[in-house]
Amino acid sequence: MTNNPHISIQHLNVSIGNQLILNDININIPNKKVISIIGPSGCGKTTLLKSFNRLLDDTADVKVTGKVLVDGENIYDPNMEVTHIRKKMGLLSQRPYPLPMSIYDNVAYGPRLHGSPKKSELDELVETQLKATGLWNEVKDRLNAPATRLSIGQQQRLCLARGLAVEPEIILGDESTSALDPVSTSIIEDLFIKLKEKYTIVLVTHILRQARRVSDYIIFVYMGKIIEFGPTEELLLNPKEELTKEYVKGYIS
Amino acid sequence: MPILKSNQTSKMKRFRLLKDKIYSKLMLLFTILSVSVVLVIGVGLYYKSVPVINNSSWGTLLTSSQWKPLKGLFGFFPFIMGTLWVTGIAIIIALPLCLLTSFYITEYAPNRIRKILVPFVNLLSGIPPVIFGVWGVLFIIPLIQNHIAPHFVEFSTGYSVLAGGIVLAVMIFPLIVSIVCEVLNTIPRELKEASLSLGATKWETIKKVSFRKAKPGIVAATVLAISRAFGETIAVLMVCGNNAVVPHSVFDPGYPLPALIANNYGEMLSIPMYDSALMFAALLLFIIILLFNIISRVILTRLERKLAA
Amino acid sequence: MIRRKIEENFFRVLMVLATIIVGGSFFLIVGTIFYKGVPFMNLDMITKIPGGGFYIGKEGGVLNAIIGSLYVAGGATVLGLFISIPVAIFINMYLGGKNFIANSLRIAFDVLFGIPSIVYGAFGFLIMVYFGIKASLLGGILAVTLLVIPILVRTLDEVIRTVPHELRDASLSLGATRWEMSKVILRQIRPGILTAILLSFGRAIGDVASVLFTAGFSDNIPTSLHQPAATLPLAIFFQLGSPVEEVQGRAYASALILTIVVLIITILSSILSKRFSKNIK
């Protein structure tokens, strides 16, 4: 694809208990693009996404083999610092999960962990990230209100701002719009398209239209295997594999 | 023929409905009776303690240190302080240990270890108070007498508020651990993942997210544990020396309220006003524990409802 | 980064230590009881009543206390069931189980559960004096019944709540009255009732403060409800205070017996409740 992949996955196998969830995954994810992972539910999409920042570590009985290289570093290397990897990636989950603190503290949470920034620096950073996610005008008068008072759509944008505040390189989205109303969904989608100038974005989605609207490339996963990987239009309109064709037409779901 | 049949069924139906009604009233009666035990206990104890309250006053009873039943002097201050000392020591020991244990069980422990640990905490909660008392006498008392106290004071028999506090602490371990674990388990995994994916360590996530989220539950568990410690009788009575003076150090003996009631019930009837004074002690315990229990149960019920919504 | 890593590891070690202390306390207690109790354990302990008075006599065992405890705990549990089954059914079937009144009643029983046994004992004694009952098996059973009702009600309540709503609705839509449906539910939750019985029995057999003034104490096995009865925990408490070494030994052996009985009951009830539902404590 590109000469310089941002994330490179080599022979990745993930099993939980006796069940093989991901089977020999090999893929290169290009830099500063939006990539969608699609596939029927239970096919391993979310597991694949979580393997990128080692959130699988805490799952019971999980076994991971193979390599995931981010910027050339294998994140499954035993000497690797987990917090260092996770800081590189912002995660946006299915539903917004604001931390139990104020709007301001939510955004400042990450930066405070990784250093002791001055109040003025923090103020500036919070404002920048809230502006980047289009939330600033809506919340600037109540930064100290609990984050849970915001609407679901606002909360999800806050979670995005919170993730951006640690200056990641990659944004991971796990069906990030599935709990949102259409208006909030399109705001988030527009944000993704805008943000790819600076970030590599990997999204899990089961909505083909969404994948088509926002992504440059699509990965189709079925039964723990990557069936096809290619540019969006090509994969959706002219799939090479029979399984992809059937999924896109809606025969398997 | 069909008419007769329908008559029969309607008769039967009436009988069935009547039966339902009778049983319903009967059950209502049982429910009211068993719940009103709270009220009856309160009223009964108050009624019995009226003589001693009239004789002195609430203020004197609560703040005086004069305990001379033969002269009609009933100052509960040493007993109240004894109760506060043992309860305080128990909570200071148990709370940090239990919080750390609960965090370990819910966040760190591998499944295998968790499956072994939880049943043992459960078993601990089934052990009767008197066994804790025996253990206190056989293990804690010599430990304090020979190994702990000599570092701090010249002489101690071991029978002290510290011994009472330690035994109580172990008794409330299961209570605190089970409630806090339950509350921690209701925190959504995604919330912790959100913190982790921002680069927080597990401990930072516990400290800043889980702890904050579980705070009401932790408060409720603590209040419940305090009220449990307040009322515990036999185990404390066996190890804390039972000396009616206000303790000034952890190695001093103390005489908590429940122990006072238990120790003197037999002979109280021969001294005037003595039975009334002991009933007053029971009333005090009852009121405090009732309040604490209501507070913690309301917090826990609210929390449960909030998390279910 | 290094500071954060040190902090993480420091607290991890602290947590493991705390867990070892909390989990280990169980072994420490049971270990102490076994270590002291086993040397004094013999067949006489469970087959004979104490010879020459429980406080000074060196001969015999604690059969009087074992039987007395079984009587008190058994009687209280049976009596408690008669009261608490209707209450649990009333809360769930007649009040619907999920409204304000039902929840307030649950809190009330939780609060009753929290009232210490010494208060039940003192209150029981008051009642006995009022009615002119002397310290006896009957008095002990009555006081302990008050103690176990909240346990029984709350456990049964939890169990009934695990019965799927579909079953109730199905039975009701067939035209059953609520009482008839309750009988169906009761048959459904039989293992749950057994759990409640075990929990109540376990609590009743180990409690001292409630029987201290109500059941009295005797070296003989009671033959009627109006005779005083010894109980195992009280026997432990009294014998431990004796200056005679053999009697103290009998206290250790009694403690061993009580511990084993209670552990078996706890294990049985947790196996049962695990099979039935995850929510029962």
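Me: Which of the two pairs of chains in contact shares the most contacts?

Reply: Chains B and C do. Keep in mind that this is a predicted model.

Me: What makes up the contact between chain B and chain C?

Reply: Chain B gives 72 residues and chain C gives 66. On the side of chain B, helix α1 (residues 2-35) supplies the largest share, 13 residues.

Me: Which class of residue, nonpolar, polar or charged, is found how often on that side of chain B?

Reply: There are 51 nonpolar, 14 polar and seven charged residues. Gly counts as polar here.

Me: How do you know whether chain A and chain C touch or do not touch?

Reply: A contact needs two C-beta atoms within 7 Å. Chain A and chain C do not touch. Their nearest C-alpha atoms are 8 Å apart.

Me: What does chain A bring to its contact with chain B?

Reply: Chain A brings 20 residues, and chain B brings 17. In chain A, α2 (82-87), β6 (89-92), α3 (103-113) and α6 (152-164) each supply at least two residues of that side. By class, the side of chain A has 11 nonpolar, six polar and three charged residues.

Me: Why is β5 of chain A called a strand?

Reply: A strand is a DSSP run of at least two residues. β5 covers residues 73-74 of chain A, so it meets that minimum.

Me: How do you know that β4 and β5 of chain A pair?

Reply: Pairing takes at least two bridges. Two bridges join β4 (residues 62-70) to β5 in chain A, so the strands pair. They run antiparallel. In one of the bridges, Leu69(A) has Asn74(A) of β5 as its partner.

Me: What makes β2 and β5 of chain A edge strands?

Reply: Each pairs on one side only. The order of this open sheet of four strands is β2-β1-β4-β5, with antiparallel pairing. β2 covers residues 19-29.

Me: What holds the strands of a sheet together in pairs?

Reply: Backbone hydrogen bonds do, in either a parallel or an antiparallel arrangement.

Me: How many helices and how many strands does chain C have?

Reply: Chain C has 11 helices and zero strands. From the N terminus on, its elements therefore read α each time. Its C-alpha trace spans about 70 × 65 × 35 Å along the principal axes.

Me: What makes a residue of chain C buried, and what share qualifies?

Reply: The test is 20 or more other C-beta atoms within 10 Å of its own. Of the 281 residues in chain C, 53% are buried.

Me: What share of the contacts in chain C with a separation of 6 or more joins residues 24 or more positions apart?

Reply: That share is 76%.

How values were computed:
Residues numbered from 1 in each chain as written. Chains lettered and ligands numbered in written order. Predicted model: local features only at pLDDT ≥ 70, side-chain atom pairs only at ≥ 80, totals over all residues. Buried ≥ 20, exposed ≤ 12 C-beta atoms within 10 Å, placed from the backbone.
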